[in-house]
Amino acid sequence: MEIAFRLVTWGLLCLFAGFLTYGAAIAGYTLFRFYRQEFVKLGQARPPKAPG
């Protein structure tokens with residue numbers, strides 16, 4: 001009985017850790033895409049420098 005309990009506990013822990021990692025990856029990717037988009041907008045809004 002104790003072995004089953006331990007297996008269930010470890011399974012839940014692994015599931016929780018995987019869920020957290022998955023959420024963090026999605027959040028980081030979304031933030032990265034958002035910041036890159038804003039950065040491109042910033043670069044386009046800036047007037048081009050005159051050559052020379």
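## Salt bridges and a nonpolar patch on one helix

Arg 6 and Glu 2 form a salt bridge, and their closest N and O atoms sit 2.6 Å apart. Keep in mind that you're looking at a predicted model.

Where do Arg 6 and Glu 2 lie? Both belong to helix 1, which covers residues 2-45. They are four residues apart, and that is about one turn of the helix. As for their surroundings, Glu 2 is exposed, with a relative accessible area of 54%, while Arg 6 is partly exposed at 47%. Arg 6 gets the label "partly exposed" because its 47% falls between the 20% and 50% cut-offs.

Now move along to the other pair. Which residue forms a salt bridge with Lys 41? That would be Glu 38, with the closest N and O atoms 3.3 Å apart. Lys 41 and Glu 38 are also in helix 1, three residues apart, so about one helical turn separates them. Lys 41 is partly exposed, with a relative accessible area of 44%, and Glu 38 is partly exposed too, with 30%. In total, the count comes to two salt bridges.

Here are the four partners side by side:

| Residue | Relative accessible area | Label |
|---|---|---|
| Glu 2 | 54% | exposed |
| Arg 6 | 47% | partly exposed |
| Glu 38 | 30% | partly exposed |
| Lys 41 | 44% | partly exposed |

Charged pairs aren't the whole story here. Which residues form a nonpolar patch on the surface? Look for Val 8, Leu 12 and Leu 15, which together have about 320 Å² of accessible area. One of them, Leu 15, lies in helix 1. Is Leu 15 buried or exposed? Leu 15 is exposed, because its relative accessible area is 61% and the cut-off for that label is over 50%.

Finally, zoom out to the chain as a whole. How many helices and strands does the protein chain have? There is one helix, and there are zero strands. The chain has 52 residues, and 0% of them count as buried. Its exposed area comes to about 5400 Å², and carbon and sulfur atoms supply 74% of that.

So here's the picture to take away: one helix and zero strands, two salt bridges, and a nonpolar surface patch made of Val 8, Leu 12 and Leu 15.

Definitions and conventions
Residues are numbered from 1 along each chain as its sequence is written. This is a predicted model: local features need pLDDT of at least 70, side-chain atom pairs count only at pLDDT 80 or more; totals for chains, interfaces and linings use all residues. Side-chain values use heavy atoms; hydrogens and water are left out. A salt bridge is a side-chain nitrogen of Lys or Arg within 4 Å of a carboxyl oxygen of Asp or Glu. Helices (H or I, at least four residues) and strands (E, at least two) are DSSP runs, numbered from the N terminus. Buried means under 20% relative accessible area, exposed over 50%, partly exposed in between (1.4 Å probe, protein chains only). Patches are made of residues with over 30% relative accessible area and no salt bridge: like charges are joined within 9 Å, nonpolar side chains (Val, Leu, Ile, Met, Phe, Trp, Tyr) within 5 Å. Accessible areas come from the Shrake-Rupley method with a 1.4 Å probe; for residues, only the protein chains shown count as cover.
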